[in-house]
Amino acid sequence: MQKSFILQGIGGLAILAGVGRFVYALTQVPWTPAFGAAAAAFVLISVAAAWLLLRRHPGRPGNPWWLPVGVIAGAGLCGVVPPVNSAYLAAAQELPDAVTYLFSSIPEETAKLLAAFLVIAAFAPVRRPVESAVVGMAVGVGYTVAETVNNSAIAAALDLQSEYFDGAASMVVLVVLGPFAHAVYTGLAAWGLGQFLCRTDQPLGWRLSRITGWFLLAAALHGAFNASKELPGVAGLVGSIAVTILLWVLLIWLYRRSRAVASQTSR
């Protein structure tokens, strides 16, 4: 029990440090009351939707703290990941843009999977792979909301014609093009994590192949979304539309499939 409290303390401090760094970054961007209200409404609606969809999910872990801690941990990553992304982009600047962004997902997916593991290890132990996937969805929700607010705030600050229009438009575009996209990516990767953690009846090689395979699938989907926007001309438009449709389909499928799998397995 004492070890659990120590781990929770360390994990909690790490999460709060990330959140603090993210909030500090937001304070460095000029905000207007109009965009601030729009951003607050977006956060409330997004978090409420996630809460309604996930809080009674049959695949949820037994500890009720998994959802708020998972969402907050995901949001906190937005205070940690941007410098890593910047370093990657600087190192890969000689590559074609489409290739650079195809692999740009790996740092983010690694960070989110580690965050999901932290939530599981410190706050919400799992007994079934699907519980790990649901924790991953919560982490992805937090990251999606925080990233959308951050990118939209930057767009609003650069808008010379309106106090809010570009920021609000950016928010709508991000929601339409990638609806809770990170919940899809991290949910898939965390399913592999759950296979590794829970399927102790299988050989270590089998378990390692599952966590590696599902992580690479999540990173590939994320990379395809990033790279599609960098393709030239009509190819970029077609690619973006195709990936957007795929993300909507995967979002609905992942939610429905995870509920079905959870209903077929016991806690």
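The exercises below, each with a worked solution, concern a predicted model of a protein chain.

**Exercise 1. Overall fold**

Determine what secondary structure the protein chain holds, and how its radius of gyration relates to the globule rule.

Solution. Start with the element count: the protein chain has 11 helices and zero strands. Next, read the order along the sequence, which is α-α-α-α-α-α-α-α-α-α-α. The radius of gyration is 19 Å, close to the 18 Å that the globule rule gives for 267 residues, so the protein chain is as compact as a globular protein of that length. For the dimensions, take the C-alpha trace along its principal axes: the spans are about 60 × 40 × 35 Å.

**Exercise 2. Burial, contacts and surface**

Describe the protein chain by its buried share, its contacts, its accessible surface and its charged side chains.

Solution. First, burial: 45% of the 267 residues are buried. Second, contacts: of those between residues at least 6 apart in sequence, 79% join residues at least 24 apart. Third, the surface: the accessible area is about 13500 Å², and carbon and sulfur atoms account for 71% of it. Last, charge: there are 16 positive and 11 negative side chains, and 23 Å lies between the centres of the two sets.

**Exercise 3. Helix 3**

Decide whether helix 3 is enclosed or open to the outside, and name its buried residues.

Solution. Helix 3 covers residues 66–76. Count its buried members: nine of the 11 residues are buried, so helix 3 is largely enclosed by the rest of the structure. The buried residues are Trp-66, Leu-67, Val-69, Gly-70, Val-71, Ala-73, Gly-74, Ala-75 and Gly-76.

**Exercise 4. Thr-186 and Lys-112**

Place Thr-186 and Lys-112 in their helices, classify each as buried or exposed, and trace the contacts of their side chains.

Solution. Thr-186 belongs to helix 9, residues 181–198, and Lys-112 to helix 6, residues 105–122. The cut-off for a buried residue is under 20% relative accessible area. Thr-186, at 1% relative accessibility, therefore counts as buried. Lys-112, at 0%, is buried too.

Now list the neighbours, setting aside residues up to four places away in sequence. Thr-186 touches Glu-109, Lys-112, Gly-136, Val-139 and Gly-140. Lys-112 touches Leu-77, Val-139, Tyr-143, His-182, Tyr-185 and Thr-186. Val-139 thus appears in the list for Thr-186 and in the list for Lys-112.

Then take the polar pairs. The side chains of Thr-186 and Lys-112 make a polar contact at 3.2 Å. The side chain of Thr-186 also reaches the backbone oxygen of His-182, at 2.8 Å. His-182 is itself among the residues that Lys-112 touches.

Finally, consider Val-135, which is 51 residues from Thr-186 along the chain; their C-alpha atoms are 8.7 Å apart.

**Exercise 5. Leu-193**

Locate Leu-193, state whether it is buried or exposed, and list its contacts.

Solution. Leu-193 is in helix 9. Its relative accessible area is 5%, so Leu-193 is buried. Beyond its neighbours within four places in sequence, Leu-193 is in contact with Leu-113, Ala-116, Phe-117, Ile-120, Ser-132 and Ile-211. Tyr-101, by contrast, is 92 residues away along the chain, with 25 Å between the C-alpha atoms of the pair.

**Exercise 6. Three loop residues**

Locate Arg-55, Phe-180 and Arg-127, and classify the two arginines by accessibility.

Solution. Arg-55 sits in the loop between helix 2 (33–54) and helix 3. With a relative accessible area of 38%, Arg-55 is partly exposed. Arg-55 touches Ala-50, Arg-60 and Leu-67, residues up to four places away in sequence being left out. Of these, Leu-67 is one of the buried residues of helix 3. Arg-55 and Leu-95 are 40 residues apart in sequence, and their C-alpha atoms are 43 Å apart.

Arg-127 is in the loop between helix 6 and helix 7 (129–157). The cut-off for an exposed residue is over 50%; at 68% relative accessibility, Arg-127 therefore counts as exposed. Arg-127 is 80 residues from Val-47 in sequence and 26 Å from it in space, C-alpha to C-alpha.

Phe-180 lies in the loop between helix 8 (165–177) and helix 9. For the backbone, recall that most residues other than glycine have a negative phi. Phe-180 has a phi near 50°, a positive value in a residue other than glycine.

Note on methods:
Residues numbered from 1 in each chain as written. Predicted model: local features only at pLDDT ≥ 70, side-chain atom pairs only at ≥ 80, totals over all residues. Heavy atoms only, no water. Helix = DSSP H or I, 4+ residues; strand = E, 2+ residues; numbered from the N terminus. Rg over C-alpha atoms; globule rule 2.2 N^0.38 Å. Buried < 20%, exposed > 50% of the residue type's maximum accessible area, 1.4 Å probe, protein only. Contact = heavy atoms within 4.5 Å. Areas by Shrake-Rupley, 256 points an atom, 1.4 Å probe, with all protein chains shown as cover. Lys, Arg positive; Asp, Glu negative; His and termini not counted. Charge placed at Lys NZ, Arg CZ, Asp CG, Glu CD. Polar contact = N/O pair within 3.5 Å; in protein donor to acceptor, adjacent residues only side chain to side chain.
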